[in-house]
Amino acid sequence: MRKLLRANFSRLWRDKIFLLSAAIMFVMGAALPVIHYMDNLNNDAGWTPDSMTFAFAFFVPILLSLMTALFVGCEYSDGTMRNKLIVGHRRSNIYLANLIVCIVAGGLLCMAYLLPHTCFALALLGSFEAKLQTVLLYAGLNFALTVAFSALFVLIAMLCQSKAHTVAGCILLVFALLFAGIRITATLNEPEYFQAYSYTENGVTVSEDAERNPNYPTGTKRQIYEFLQDFTPGGQVIQLANMDTENPALLALYNGIILLAATGCGLIAFRRKDLK
């Protein structure tokens, strides 16, 4: 395992996609506070460090999906996977070594955004409105979510020998999860009632009473949507980016379940996989 990790990390530090992704996150993290500072000066927009500190929850999974697909996919296309098996490395160790390096890569992408954003935001926009414990809690939850995403991407990458199919699968998965999270959140945010209003038509004032919104989920349906919002990575992205979750412990638990389930299924399938 040690040799596998050493080789993987050696590749990671020279991986162009990872370095480019880290650079993108760094520039984005440094630029947003400056843009918000100028917006505050010109329009009194009221931006604070809290506003976009965890916006990387949207961007890191997208970049990580591409990096993981190409990083692991190269092992099949370049024959590295075959060579590792020939020299006697266990399949489980190969799988876990790739998972660990992708988790670390995801954490570094988060830090590449978080460090410059925090420094510039504190200097230009003032202190956080949230308590330090809250900021650290959401930082930890974002890293836990990145781990869950990494486990899903590695599962696809390790079981698909075509690099093109791996890239397509990882990217489709992350966008499907994000769109599902947006849809679930939008449904839960539907107002229960449409407010009463009045208008004038042909000189006559017409008043409409408040009406119940037929799209507002209730009962069991609402409970299912709330569970999906907390359990699915896409639903968590929305909550963490906005620093708006009522169940931080549940989110961490669900990320652990996703990690264990994806890794367990991946290990079992990879051991039985017929590698060409």
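Here is a short conversation about a buried asparagine and some aromatic rings in this structure.

Colleague: Before we start, what kind of model is this?

Modeller: It is a predicted model, in which local features need pLDDT of at least 70, side-chain atom pairs count only at pLDDT 80 or more, and totals for chains, interfaces and linings use all residues. Residues are numbered from 1 along each chain as its sequence is written, and side-chain values use heavy atoms, with hydrogens and water left out.

Colleague: Why is Asn93 called buried?

Modeller: Buried means under 20% relative accessible area, exposed over 50%, and partly exposed in between (1.4 Å probe, protein chains only). Asn93 has a relative accessible area of 19%, so Asn93 is buried.

Colleague: What makes Phe149 and Phe153 a stacked pair?

Modeller: Rings of Phe, Tyr and Trp (its six-membered ring) pair if their centres lie within 6.5 Å; planes under 30 degrees apart count as stacked, over 60 as edge-to-face and the rest as tilted. By this rule there are eleven aromatic pairs. For Phe149 and Phe153 the centres are 5.8 Å apart and the planes at 25°, so this pair is stacked.

Colleague: And why are Phe227 and Phe231 called stacked?

Modeller: Their ring centres lie 5.4 Å apart with the planes at 15°, so they are stacked too.

Colleague: How do you know whether Phe227 is buried or exposed?

Modeller: Neither word fits, because Phe227 has a relative accessible area of 39% and is therefore partly exposed. Phe231, at 25%, is likewise partly exposed.
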